[in-house]
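Work through the exercises below with the structure open. Try each task before reading its solution.

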Amino acid sequence: MTTVQTLDTVRIIDTPTITVYAADVLAETEFTTVDIAGVNPAEIPYLWVNRLRIMAAPQVDTCEMQFEYGRKLNPLSGQFELVEPLEIVDQFVKVVIGKTLDTDKEIIWYGRIKHESKQVFGAGANQDEPAGMQFFTAFGLLHLLDEHFNLGSVLYDNTSTTTFVEEKTIQGAIPFNLDPGGVYPETGNRSQFDHDGCYLFSLGPRSKYKWNAAQAVEYLLKHHVPLKSDGESAVKWKLIAPVDSPERSYLEWYEVSVDRELRTTKEILDELINRKRGVGYFVKFDPADPDDPDDEDSIGVYLFNGTKDDITLSATTTLKGNQNQFSLDFENAFDVVESTVSDVATNAFTHVRVFGEYMTVTFTNKMTNNFFDPDEPDDPTNMFVRGWTDDQAEKFNKAASINDDGTPNDTYAEQSPEVQAAWNAFARNSDKLSNVYRRYMINPDWDQLCTGPHDGESETYYAFPVISEDPTHIDDYEHSDDPDVEAERKETVENRRIKILPYLVLKDQNDYSGTKIPDEEFEDDDPEEFVIPQHIPTMVYAHVSGSGQEVRDDDGELVDNPPRYELVDRLNYGAFDDDRGRRWGCSVACPSDGPFLNVSAHPPQMIATTDFSVDDAETAESQQPSSNNGLNWHDDLFVTLTCQHPRRLQRTIEIETPDDGVPRNQCRIYVPRARCDYVHAYTTFAIDKGIPIVTTSGGFVKDDRQRISDIARAAAEWYGQKRKTLNLTLKQCRNIVQLGWLITDIGANLSPTAIHTPVTAVEYNFPPGNQAPFMRIETNYHDLDFT
Amino acid sequence: MPLPIYSLGDFLFVNFSASGNDDGEPMLPQEHSEVIQRPNVRGSGIVRLERKGIPFEMRSMVDVDNEAAANLLVGNYYLAVGTDPLAIVWRDRDYFTTYGVKYFVLAVMATQSRVVYAPVGGLTAGNFVVRATWHLLPVEVQS
């Protein structure tokens, strides 16, 4: 609802009185007029306010004052008196600008003097009458939070046997919804229940409960504000956003993940109450109601946003428009000195494009096709190829039996098998041969198709599908022989640039089997259980026994010769007897320098039974794969990988269609840690007693598409509205606008001009000398901007 | 008919008149204002800047007995500059008791000379007169 604010066409305008009060502590009852030489300072004209600038965060209010000391005329006595310099640095001040019209209200401002400079004139002929000018700068109360560093954290401790819940303060500033150091560090860490009016951090490092911005702000305002010597808050701070209020909706529609380490409370507030989400704030001292004995002084954190209309983000989320909208009519006001309307074309966007992190895809595939032909290793159906050369393989195989130049080592044959084995192991340890049978590379010609690797899994799909921006769109990633369909479903990915992540996006404590990924919501651990899920490392598992031909009874149970699988880094765990067990180990690693996978058996040839040609070089049984239940990497190994998708999570919304169809000016917004992690059907995420456990449906384990879609929609609403900034200067100082009010338009009668920007600064100027005071109203959206 | 009393503080004068004023009456503090006008808006507005004095100039003349007295008076005139504001009695009217106004002496320029004619009247009927130009600022004081 927009109201019309008409600036009175007053012909005679009075100059307001200004009174400055000071106090050692911030309490309404403590403020007394500034003590100047024992006389009534309200009548002393030597302390005056030059400028009071009240601003929305992240800016801090400032009040510049000036005081003349020395031999001054006291109007009360009519005599000159020696006025001493003021000592008011670090004191709180209350500035009252009197009303000049009966219908107005006084302008009352609170701050703290933090700076003084002095101009020293001299001490007079007898050196006993010092004189000079003092210049003071007071900052608004938000500055108090800029002096308070976050050094500790308050946890919700419900483990005590004597009380249900306790606050437990620890060193270290825990970030909101982050677990620094993890591969995917975003996680909830809020307590399940609130305590004494606000939520606390969970006792463990992760929790299924996430902070929203409103809860995080309330926590900060209760536990990380300036304290008195007894540990109590020096003054209470309150978020003025009751539950279900429009203001609270400003903070509840976007997720927060904010670091607190080495930051002040103000810095954290600036990020939580995020200008880049169109919401701003300012602080104001609210003195206790003298008629209410239970009321107490407090500092309120007030919220506003810059949108005129409500924005429906989803079925359950609505971002309310600004609650104080007005049309400013000053067409006939005498006292308007300047009214500048600026139209900044750089913010005229045709498209909003919101970006998150790179998407990921997770899938299981056999390392090569089922009919691996050593003579055609580059067959496009093979996902992996050898990461070593034939020459390296030959040197590896022959090892110590040949010299560096390839000639036979004459002394080799004379050695015992044990000595030969030792010599060979030493030769194969060479850095030049370190890749042999260890490093596997994504096939440069890979067709990027994945086939369900196990019996009964027949679906073939694109490893890197086109994932639609619209979260409500149902995607089909199944392979099609129709080139047109393929073009729609398959991303263009250069195999040489595929990036394999060292961890899967899946976590080891979660059950993703069957259709659980789409059907259930996977949260982090329960803080009471204190079980911390870990991301599963890249999985390589092997077919270790069984024919692979399953025989099942009528109930579907395996009854005969079932295939068995084991993770290669846990071989032997499933050994049935000595003959089928393995006395060698294996490790898996993903180098970060390319599309590589390192599978290192010890010794390496144990997973290359057919590639490893013994010839005459190896006679020790301990080194021969055939004698140690060796595996064939191309026949037996399967991998579950998480790969980086070539596209970032993104959502594009068109604000206006350019005449030529070419996007003219795109607004780009980056949302850190917004993720989209897709898991394909038939991805193996665990091996249970030799049986791969798979998700049959696949799906998104983390899908922030709706989240960035909300941001894109809100941003499109913001930029879809034509905005201008208004700079209005009036030759009077009156309480006619408040920070955060949205000026919809000016010039209501004849030439309405749309403004649609909130008031971000109000400035009162009292020039020295015999000049009229003036005020300035500024609206802006650079202070409140999604980019 | 007795002479009307003119005085500034303790200084008595035969004549004491403000420059640029037919009667020479001292100025009082008055409301200051600033005119505001805005393009394309009819009329004018005023910002009132409160009541305060404007520096003005007064001339005084007084006769004294002799040259020594004249020299002393000139010296005292200069000592009045920068002191506490002084009350003015002008044509028997006390501006402090009447208006609550005293006058701060910003500057003075005084001269003394011997009269060549036979003195008649005056305060002392002396042969010397002291003339001065006073730069004054009216200030409102409460006591």
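The exercises cover the nonpolar cores, one helix and the salt bridges.

This is a predicted model, in which local features need pLDDT of at least 70, side-chain atom pairs count only at pLDDT 80 or more, and totals for chains, interfaces and linings use all residues. Residues are numbered from 1 along each chain as its sequence is written, chains are lettered from A and ligands numbered from 1 in the order in which they are written, and side-chain values use heavy atoms, with hydrogens and water left out.

**Exercise 1. Find the largest nonpolar core and the helix that gives the most to it.**

Solution.
- Start with the rule. A nonpolar core is a set of buried Ala, Val, Leu, Ile, Met, Phe, Trp, Tyr and Cys residues joined through side-chain atoms within 4.5 Å. Buried means under 20% relative accessible area, exposed over 50%, partly exposed in between (1.4 Å probe, protein chains only).
- The largest core has 116 residues. Among those with the most contacts inside it are Leu26(A), Trp237(A) and Phe384(A).
- Helix 10 of chain A, residues 705-720, gives the most, with eight residues. Helices (H or I, at least four residues) and strands (E, at least two) are DSSP runs, numbered from the N terminus.
- A second, separate core has 47 residues, including Phe304(A) and Leu728(A).

**Exercise 2. Which residues does Trp237(A) touch, not counting those up to four places away in sequence?**

Solution.
- Contact means heavy atoms within 4.5 Å.
- Leucine partners of Trp237(A) include Leu141(A), Leu144(A), Leu145(A) and Leu221(A).
- Val225(A), Pro226(A), Val283(A), Ile299(A) and Val301(A) also touch Trp237(A).

**Exercise 3. Check the span and burial of helix 10 of chain A.**

Solution.
- Helix 10 has 16 residues and reaches 21 Å from its first C-alpha to its last.
- The expected span is 1.5 Å times one less than the number of residues. For helix 10 that gives 22 Å, and the model comes close to it.
- Twelve of the 16 residues are buried. Among them are Arg705(A), Asp710(A) and Trp718(A).

**Exercise 4. Where in the chain do Arg386(A) and Asp611(A) lie?**

Solution.
- A salt bridge is a side-chain nitrogen of Lys or Arg within 4 Å of a carboxyl oxygen of Asp or Glu. The count is 37 over all chains.
- Arg386(A) and Asp611(A) form one, with the closest N and O atoms 3.4 Å apart.
- Arg386(A) sits in strand 23, and Asp611(A) in the loop between strand 34 and helix 9, 225 residues apart.
- Both Arg386(A) and Asp611(A) are buried.
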